[in-house]
Amino acid sequence: MFEVIALTVQDAQAAETGGADRLELVTDMAADGLTPSVADFAAIRAAVTIPLRVMLRIRDGFTPGDLDELLARTAALRAEGADEFVLGFLDADGAVDLAATAAVASAVEGCAWTFHRAIDHSADRGDVRAAVAELPGLDTFLTSGAAAGVDAGQEVLAGELAKAGDPGYRQRILVGGGLRAEHVPGLRAAGFDAFHIGGAVRDGGWTGAVSPAKVAEWRRLIDA
């Protein structure tokens with residue numbers, strides 16, 4: 001699985017051309033990725049054929065903000081045809097905000113979704129996994145293993161992969177956050193099979209558009 005972050009129709013088309021399996025749709029990377037508009041989702045959905053996971057986050061950070069507003073935007077995206085999502089919320093102490101996470105998970109009932117890198121910023125990632133593991137639709141944790149990124153988190157990632165199949169560890173690990181090309185061979189050899197990329201496939205980082213050639217380079221690296 002090779003997932004690429006897309007902000008625009010052009011990003012999405014470039015990622016699909018380069019060989020991405022799936023897109024994570026966001027807006028406003030200055031706020032670390034917020035929920036795109038319904039119009040942007042619809043335009044991207046019409047432009048590509050690969051699956052789209054839509055971010056459900058309306059404020060910077062990992063607290064949910066106005067939950068009613070978030071649920072309204074979720075309903076509007078579902079009405080437009082969105083059927084895969086990315087979400088996850090913490091409270092002020094770094095514990096999972098189970099009430100908010102469960103409410104949004106219920107709003108996307110019947111859809112697959114990813115618990116995003118809030119887990120890397122939590123007070124206890126094992127507690128997060130245990131709390132959300134049985135929420136319907138959760139099939140993936142996007143994680144680098146540490147708030148600082150893959151460099152710091154590889155040992156944690158390996159430990160979690162070793163628990164695959166245990167309660168709280170049945171979901172796929174999607175490695176992302178500070179992921180660099182030199183990490184991939186070792187991660188593949190260790191058994192990881194899902195990777196998430198953002199700025200590394202853009203010309204000029206987040207100020208540039210997704211490059212089909214760079215996506216293709218990552219595709220070859222992951223498949224090697």
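Is Leu34 buried or exposed? Leu34 is buried, because its relative accessible area is 12% and the cut-off for buried is under 20%. Keep in mind that what you're looking at is a predicted model. We'll come back to Leu34 after a quick look around the whole chain.

**The big picture**

The protein chain has 8 helices and 8 strands. If you lay its C-alpha trace along the principal axes, the trace spans about 40 × 40 × 30 Å. How does the radius of gyration fit a compact globule? With 224 residues, such a globule would come out near 17 Å, and the protein chain has 16 Å, so the two agree.

Inside and outside are split like this: 49% of the 224 residues count as buried. The accessible surface comes to about 9,200 Å², and 52% of that belongs to carbon and sulfur atoms. Take the contacts between residues at least 6 apart in sequence, and you'll find that 64% of them join residues at least 24 apart. As for charge, there are 33 negative side chains and 19 positive ones, with the centres of the two sets 5 Å apart.

**One helix and its buried side**

Now zoom in on helix α4, which covers residues 98-107. Which of its residues are buried? They are Ala100, Thr101, Val104 and Ala105. Those four cover an arc of only 130° around the axis, which means they sit on the same side of α4. And what do these buried residues pack against? Their partners are two helices, α3 (67-80) and α5 (125-132), along with two strands, β4 (84-87) and β5 (112-115).

**A glutamate in β4**

Strand β4 is also the place of Glu84. Glu84 counts as buried, because its relative accessibility is 15% and buried means under 20%. Which residues does Glu84 touch once its neighbours within four places in sequence are set aside? Its contacts are Arg22, Pro51, Leu52, Arg53, Val54 and Ala112. Thr114 is 30 residues away from Glu84 along the chain, yet their C-alpha atoms are separated by 8.3 Å.

**The loop between β2 and α2**

Back to Leu34, which lies in the loop between β2 (22-25) and α2 (38-47). Leaving out neighbours within four places in sequence, Leu34 is in contact with Val26, Thr27 and Asp28, and also with Met55, Arg57, Ile58, Arg59 and Asp60. Met55 is 21 residues from Leu34 in sequence, while the C-alpha to C-alpha separation is 6.2 Å.

Asp28, one of those contacts of Leu34, has its place in this loop too, and so does Asp32. Both aspartates have a backbone feature to look at. Most residues other than glycine have a negative phi. Asp28, however, has a positive phi near 60°, and Asp32 has a positive one of about 70°. Asp28 is partly exposed, with a relative accessible area of 35%, and Asp32 at 43% also counts as partly exposed.

Here are the accessibility values for the residues we've visited:

| Residue | Relative accessible area | Class |
|---|---|---|
| Leu34 | 12% | buried |
| Glu84 | 15% | buried |
| Asp28 | 35% | partly exposed |
| Asp32 | 43% | partly exposed |

To find this loop in the 3D view, start at Leu34, between β2 and α2, and then look for Met55, 6.2 Å away from C-alpha to C-alpha.

Definitions and conventions
Residues numbered from 1 in each chain as written. Predicted model: local features only at pLDDT ≥ 70, side-chain atom pairs only at ≥ 80, totals over all residues. Heavy atoms only, no water. Rg over C-alpha atoms; globule rule 2.2 N^0.38 Å. Buried < 20%, exposed > 50% of the residue type's maximum accessible area, 1.4 Å probe, protein only. Contact = heavy atoms within 4.5 Å. Areas by Shrake-Rupley, 256 points an atom, 1.4 Å probe, with all protein chains shown as cover. Lys, Arg positive; Asp, Glu negative; His and termini not counted. Charge placed at Lys NZ, Arg CZ, Asp CG, Glu CD. Arc of directions from axis to C-beta.
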